[in-house]
Amino acid sequence: MKLSLTLLLSAILVVSCAPAADPEPASAPEAEVEAEPVAGTRENPFLGHGFIREIRDDGVLVIEHEEIPGFMMGITMGFPVAEGVVAEGTLAVDDEINFQIESLTEGYQIFNIEKVEAEEEEMPEDGDSEGSTSA
């Protein structure tokens, strides 16, 4: 009887000291996450702002631009422009522009350009400028 009790206690001790099996993690339900639109497409272009510094004959505009979020830091560089985007004579060196860039399989290009029109300075209503003196 003593032997049976010793074997029983030994069996209980072995079972209680055995490592517990890890339960299988419950699979989490897949959350429906809307994918963000891919940047650099015509539907979601990179947006730039800058000044034209050179208009080249090969269809490239050299632009001094601010940082283009998600694309590049501010720099002066040449950008290829999609065919038919710039009508001859509509842009000039030193024009301020906003532009849209799309990524292509091999590089990128500007596909839309808008010239920023300079605001006209307001003249005082009486025609006199401040600080002028009459003789």
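**Close-up views of salt bridges and a buried alanine**

**View 1. Arg42 and Glu102 pair up in a salt bridge, with 3.0 Å between their closest N and O atoms.** Arg42 sits in the loop between α1 (2-17) and β1 (46-55), while Glu102 belongs to strand β4 (residues 96-104), so this pair ties together parts that are 60 residues apart in sequence. As you look at the two partners, compare their surroundings: Arg42 is partly exposed, at 46% relative accessibility, whereas Glu102 is buried, at 9%. Please keep in mind, here and in the views that follow, that this is a predicted model. The structure holds 5 salt bridges, and the next views introduce others.

**View 2. Arg56 meets Asp58 in a salt bridge.** Here the closest N and O atoms are 2.9 Å apart. Is Asp58 buried or exposed? Its relative accessibility is 53%, and the cut-off for exposed is over 50%, so Asp58 counts as exposed. Its partner Arg56 has a relative accessible area of 34% and is partly exposed.

**View 3. Asp95 and Lys115 join their side chains in a salt bridge, 3.6 Å from N to O.** This pair links distant parts of the chain, 20 residues apart. Asp95 lies in the loop between β3 (75-80) and β4, and Lys115 lies in strand β5 (residues 107-115). Asp95 is buried, with 12% relative accessibility, while Lys115, at 38% relative accessible area, is partly exposed.

**View 4. Arg53, Glu64 and Asp94 form one network.** What joins these three residues? They are connected by salt bridges that share partners. For a reader new to such pairs, it helps to know that side chains of opposite charge can pair when their charged atoms come close.

**View 5. Ala82 is a buried residue in a loop.** You will find Ala82 in the loop between β3 and β4. Its relative accessibility is 10%, and buried means under 20%, so Ala82 counts as buried. Which residues does Ala82 contact, leaving aside its neighbours within four places in sequence? They are Arg42, Gln109, Ile110 and Phe111. Arg42 may look familiar, since View 1 shows its salt bridge with Glu102. One more landmark is Val60: Ala82 and Val60 are 22 residues apart in sequence, and their C-alpha atoms are 9.2 Å apart in space.

How values were computed
Residues are numbered from 1 along each chain as its sequence is written. This is a predicted model: local features need pLDDT of at least 70, side-chain atom pairs count only at pLDDT 80 or more; totals for chains, interfaces and linings use all residues. Side-chain values use heavy atoms; hydrogens and water are left out. A salt bridge is a side-chain nitrogen of Lys or Arg within 4 Å of a carboxyl oxygen of Asp or Glu. Helices (H or I, at least four residues) and strands (E, at least two) are DSSP runs, numbered from the N terminus. Buried means under 20% relative accessible area, exposed over 50%, partly exposed in between (1.4 Å probe, protein chains only). Contact means heavy atoms within 4.5 Å.
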